[in-house]
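Colleague: I should like a close look at a single part of this model. Please define each term as you go.

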Amino acid sequence: MDTKQIEDIMILMHNQFEAVGKRIGNEFLIPITLLEKGYGVEKEWLETENLLKIFITKARYLEIDQYDYQGNYLHYDRNRVENWNVEFINGIPKTVYTYGKYFNPSTIAQYGLQHYSIYLKEKKLASKQKFLKVANWFMHHQDEQGGWPYQFDLHYYPGRLNKIKSPWYSAIGLGMVMSVLSRATALTRDKKYEQSALKATKMFKIPSNNNGVLAKFEDKYMFYEECPTDPPSFILNGFMFGLIGLYDLYKQSGDVETKKLYQEGIVSLKRMLPLYDLGSRTAYDLTHYTTDGGYPNVAKWGYHITHIHLLAALNSIEKDAKMNEALQRWKGYLDGKVSTV
């Protein structure tokens, strides 16, 4: 190609980002730094292959083909809660927030599930001991309501929702604790853990505006709230974590009422899944629908992948065509696919 055809040009993207590019005949070369700013793409340069890869995101999911209620919890052997913003009190992680230090039930449960999963994989006695320490902590800190309350005020979505006053309960915390206690029962064959978990199921029947976690979508579909806001926020990942906890508990215990709570939640999930699908990513919640917010709370890529992992686990149980359709669409969004239909 005749190099005389190459000329510098100015590029203006979205009327706000500027850069110098190149024009070569009828082709335009745009600096990758401009694409990173304008479209949030990520790059990977492979020197040995002389290859530049461009991604909508480099974040990737792990396959969950068959969820096992006694097995590795959602690949949590890869978790490292020790590296989070926590400090340990007698072997239990305490989360450090800007507004104080608190025991967060879901963080503690994730730490326990991490070490249970590591124990299954590596048979490390230390991980087994850490897991059982967590399970016993939950046994000794269950309140008279049957739950594990969050002891701090939470302003989940300032501008859309009022602050949640402590103490409050969360489906994500309850569900993850159920997953811990169900696995502790399987590991030790001691029914005390299972009985403790069963006491927590009543929290799924108490309305979220009355210190429980139950909300109703369209005044009909049962939804278990991660954050008991008024009006309901319908946070997707917390709901699915709650469903997995209920599933683990009913499979371990055979309890009919727990199975019913799980099944009613699955009916709701199938009805509501399309509402979280934004055509190129998922919504984190439905506050744009329940409040006058007006626009979706788009999930960050990390949470989008969490949605994929949770939905994959539940779909491996349910083997439902609609759930699988949503799952495949959501996986495709990581590769830049956009749904137009």
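Colleague: At roughly what angle do the axes of helix α3 and helix α5 cross, and within what distance do they come?

Modeller: This is a predicted model, in which local features need pLDDT of at least 70, side-chain atom pairs count only at pLDDT 80 or more, and totals for chains, interfaces and linings use all residues. Residues are numbered from 1 along each chain as its sequence is written, and side-chain values use heavy atoms, with hydrogens and water left out. Two packed helices are described by the angle between their axes and the distance between the axes. Helices here are DSSP runs of H or I with at least four residues, numbered from the N terminus, as are strands (E, at least two). The axes of α3 (residues 125-141) and α5 (residues 191-199) cross at roughly 50° and come within 10 Å. An axis is a line fitted to C-alpha atoms, for helices over the stretch in contact, and angles run from 0 to 180 degrees between N-to-C directions. The crossing angle therefore makes α3 oblique to α5; angles under 35 degrees count as roughly parallel, over 145 as roughly antiparallel, 65 to 115 as roughly perpendicular and the rest as oblique.

The crossing is also left-handed, a term used if the near helix is turned anticlockwise from the far one by less than a right angle; clockwise gives right-handed. In contact (heavy atoms within 4.5 Å), Leu132, Ala135, Asn136 and Met139 of α3 meet Lys192, Tyr193 and Ser196 of α5. By class, this contact has 4 nonpolar, 2 polar and 1 charged residues. Ala, Val, Leu, Ile, Met, Phe, Trp, Tyr, Cys and Pro count as nonpolar, Asp, Glu, Lys and Arg as charged, and the others, Gly among them, as polar.
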